[in-house]
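Me: I should like to learn how to read several features of a protein model, one at a time. Please give the general idea where there is one, and then the case at hand.

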Amino acid sequence: MGNREVETIQEKVFEGIPLTRDEALSLFRFPLHLLGELARTVRFRLHPEKIVTYVVDRNINYTNICISGCKFCAYFRPPNSKEGYLLSFEEIAKKIEETIALGGYQILLQGGLHPALTLEYYEELFSFIKSRFPEIHLHALSPPEIIFLSKSSGLSVEEVLKRLIKAGLDSIPGGGAEILVDRVRKIISPNKATSEEWLYVMETAHRLGLKTTATMMFGHIETEEDIIEHLFKIRDLQEKTRGFTAFIPWTFQPQNTALSHIKKAGSARYLQVLAISRIVLHNIPNLQVSWVTQGPRIAQLALEFGGNDFGSTMIEENVVASAGVSHRLSEEEIRSYIQEAGYIPKRRKMDYTLLE
């Protein structure tokens with residue numbers, strides 16, 4: 001890679017000019033410290049103040065029963081498993097009460113592709129939650145769950161979303177994206193929504209006024225080209241809709257999964273991909289660091305590689321924990337880690353409006 005090519009890319013980043021796919025791919029050959037510098041440039045152009053945000057919420061996995069059978073998931077159980085569960089409405093209410101008592105104001109509600117749960121079930125659940133807890137923000141159901149409901153109900157994605165919004169849905173998490181390349185998806189999650197379906201749910205949600213996040217799980221069987229393909233699909237949709245509030249990349253956790261033979265991606269790879277994400281996704285305002293998979297020290301370092309959000313307090317987290325990775329942080333600890341890294345911690349809502 002010639003000096004001129006490096007200089008051209010640096011100039012484009014400093015001037016805020018979007019990179020081409022080839023330029024983005026060549027970022028993988030940049031030294032890590034230079035990637036950090038470029039990512040910081042983008043981060044401080046978007047957020048000039050040294051504020052790092054976080055959200056106080058709880059991740060409620062209402063069921064672990066799932067027919068998707070993703071090879072990267074250690075959490076799911078097939079429909080007839082003795083270890084399968086479905087939380088009752090009252091059990092979910094108890095978890096929300098605990099969340100509010102801890103200062104929480106949002107729940108992330110995600111489960112599996114449960115063959116017995118109908119659209120009406122979710123309408124009842126959301127209405128129940130909103131009638132009991134009108135103040136709680138309901139960040140729920142990833143695109144594969146929406147696609148599954150569309151197919152099982154025989155209704156369009158738009159109709160499903162309209163009904164869920166009416167019942168109380170406030171925003172959609174970006175789960176189920178993994179890598180938005182169908183060659184990869186056919187191997188690691190063959191029964192899940194295609195990349196086109198994932199993007200279509202998000203585009204429809206944005207058109208209906210819902211804000212969403214976008215994610216990427218890397219460090220399994222994908223290539224560097226696949227990572228860039230994923231980033232560009234997200235970037236192109238954002239150009240069209242402006243509906244993504246944040247991008248959240250994290251590394252695959254192989255333990256206890258069908259892909260346990262894969263060597264876990266290290267923290268240098270995580271920081272590299274995080275920085276590249278920040279540089280490429282110039283039109284997505286926020287980049288979240290993953291203390292859940294990386295631990296708090298690498299998450300602190302990630303704030304120097306383009307991250308401006310420390311994610312969630314995760315009062316409860318089950319999916320990553322089932323892959324043998326368990327980092328727990330209280331709100332006080334999150335604030336402390338942010339301050340220690342030289343930043344000002346601020347609570348936020350899902351749409352990134354500040355609460356303090």
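Me: Which residues line the second largest cavity?

Reply: This is a predicted model, and the values below are computed from it. The lining of the second largest cavity consists of Gly 112, Leu 113, His 114, Leu 117, Tyr 122, Glu 145, Phe 148 and Leu 149. By class, these residues divide into 5 nonpolar, 2 polar and 1 charged.

Me: Which helix gives the most to the lining of the second largest cavity, and what volume does this cavity have?

Reply: Helix H6 gives the most, with 3 residues. The volume of the second largest cavity is about 40 Å³. A search of the whole structure finds 2 cavities of 30 Å³ or more.

Me: What volume does the largest pocket have, and how is its lining made up by class?

Reply: The largest pocket has a volume of about 190 Å³. Its lining has 5 nonpolar, 4 polar and 2 charged residues. Among the lining residues are His 47, Pro 48, Glu 49, Ile 51 and Thr 53, together with Asp 351, Tyr 352 and Leu 354.

Me: How should the buried residues of a helix be read, and which residues of helix H7 are buried?

Reply: An α-helix has 3.6 residues a turn, so residues three or four places apart point the same way. In H7, which spans residues 157-167, the buried residues are Val 157, Val 160, Leu 161, Leu 164 and Ala 167. They cover an arc of only 120° around the axis, and therefore lie on the same side of H7.

Me: Against which elements do the buried residues of H7 pack?

Reply: They pack against helix H5 (119-132), helix H6 (143-153), strand E5 (171-172) and helix H9 (195-207). Just after H7, Gly 168 adopts a positive phi of about 135°.

Me: Is Lys 192 buried or exposed?

Reply: The cut-off for a buried residue is a relative accessible area under 20%. Lys 192 has 19%, so Lys 192 counts as buried. This lysine is in the loop between helix H8 (182-188) and H9, and its side chain makes a polar contact with the side chain of Glu 178 at 2.9 Å.

Me: Where is Lys 50, and which residues does it contact beyond its neighbours within four places in sequence?

Reply: Lys 50 is in the loop between helix H3 (32-46) and strand E1 (51-55). With a relative accessibility of 38%, Lys 50 is partly exposed. Beyond those neighbours, Lys 50 is in contact with Arg 43, Phe 44, Gly 342, Tyr 343 and Ile 344. The Lys 50 side chain reaches the backbone oxygen of Gly 342 at 3.4 Å.

How values were computed
Residues numbered from 1 in each chain as written. Predicted model: local features only at pLDDT ≥ 70, side-chain atom pairs only at ≥ 80, totals over all residues. Heavy atoms only, no water. 1 Å grid on protein atoms, 1.4 Å probe; cavity = no way out; pocket = protein on both sides within 12 Å on 5 of 7 lines; lining within 4 Å. Points joined across faces, edges and corners; volume = space filled by probe spheres on them. Nonpolar A, V, L, I, M, F, W, Y, C, P; charged D, E, K, R; others polar. Buried < 20%, exposed > 50% of the residue type's maximum accessible area, 1.4 Å probe, protein only. Helix = DSSP H or I, 4+ residues; strand = E, 2+ residues; numbered from the N terminus. Arc of directions from axis to C-beta. Contact = heavy atoms within 4.5 Å. Polar contact = N/O pair within 3.5 Å; in protein donor to acceptor, adjacent residues only side chain to side chain.
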